[in-house]
Amino acid sequence: MKDKLKQRKILIIVLAVILTLSVGYAIFSESLNISGSASTGSTNFNIVFDRVGNIREVEASNTTAEIKESGKKLEINVPGLSMPTAYAIIPVTIKNNGDITAKVKEIRTEGLDTTDIKVT
């Protein structure tokens, strides 16, 4: 009697394992094809320099910042640095006038020929 009960339990366990394996195989052997396209509806990408804030100078003078080329370029001039520890802080607001969400990842500088000037 105990042997027959033990055999039934083993048979049920074996059948459950086989069923589980066959269902798992059926799920993982199914091919999944994804196709289609996405569109934003607009391709207006327009990041611009919006405004220059209050310039802060420490041991510096005559610092200027001017937005040019319809907001695409910011020209900064700091001619009056009087000592090696002198600096100027020029806060600038960047605005997204486009329809596409954007994130600024990099600032490219032109005309800097020294590592003493930091742009962040």
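This tour moves through a predicted model, from its largest pocket to a surface patch and then to its salt bridges.

**First stop: the largest pocket**

Begin by selecting L74, I76, I107, T109 and V119, the residues that lie nearest the centre of the largest pocket. The volume of this pocket is about 1,700 Å³, and its lining comprises 39 residues in total. Colouring the lining by residue class gives 24 nonpolar, 6 polar and 9 charged residues.

Next, display the strands. Which of them each supply at least two residues of the lining? They are β1 (47-52), β5 (73-77), β7 (87-89) and β8 (92-96). Of the elements that contribute, β5 gives the most, with 5 residues.

**Second stop: a nonpolar surface patch**

Now switch to a surface representation and select I94, V104, I107, L112, I117 and V119, which together make a nonpolar patch of about 500 Å². Two of these names will be familiar from the first stop: I107 and V119 are among the residues nearest the pocket centre, and both also belong to the patch.

Centre the view on I94, which is placed in strand β8. Is I94 buried or partly exposed? Its relative accessible area is 42%, so I94 is partly exposed. Strand β8 is also one of those that supply at least two residues of the pocket lining.

**Third stop: the salt bridges**

How many salt bridges does the structure hold? There are 2, and each can be shown as a pair of side chains.

For one of them, select K68 and E75, whose side chains meet with an N to O distance of 3.3 Å. K68 has a relative accessibility of 28% and therefore counts as partly exposed. E75, at 39%, is likewise classed as partly exposed.

For the other, select K73 and E69, where the N to O distance is 4.0 Å. The two partners fall into separate exposure classes: K73, with a relative accessible area of 34%, is partly exposed, whereas E69, at 55%, counts as exposed because the exposed class begins over 50%.

**Last stop: F49 and K68**

Finally, select F49, found in strand β1. F49 has a relative accessible area of 25% and so is partly exposed. Keep K68 from the previous stop in view and draw a line between the two C-alpha atoms. F49 and K68 are 19 residues apart along the chain, and their C-alpha atoms are separated by 8.7 Å. The tour thus ends at K68, whose side chain also meets that of E75 in a salt bridge.

Terms used
Residues are numbered from 1 along each chain as its sequence is written. This is a predicted model: local features need pLDDT of at least 70, side-chain atom pairs count only at pLDDT 80 or more; totals for chains, interfaces and linings use all residues. Side-chain values use heavy atoms; hydrogens and water are left out. On a 1 Å grid over the protein atoms alone, a cavity is a set of points where a 1.4 Å probe fits but cannot get out, and a pocket is an open set with protein on both sides within 12 Å along at least five of seven lines; lining residues have an atom within 4 Å of a point. Grid points are joined across faces, edges and corners, and a volume is the space filled by probe spheres set on the points. Helices (H or I, at least four residues) and strands (E, at least two) are DSSP runs, numbered from the N terminus. Ala, Val, Leu, Ile, Met, Phe, Trp, Tyr, Cys and Pro count as nonpolar, Asp, Glu, Lys and Arg as charged, and the others, Gly among them, as polar. Patches are made of residues with over 30% relative accessible area and no salt bridge: like charges are joined within 9 Å, nonpolar side chains (Val, Leu, Ile, Met, Phe, Trp, Tyr) within 5 Å. Accessible areas come from the Shrake-Rupley method with a 1.4 Å probe; for residues, only the protein chains shown count as cover. Buried means under 20% relative accessible area, exposed over 50%, partly exposed in between (1.4 Å probe, protein chains only).
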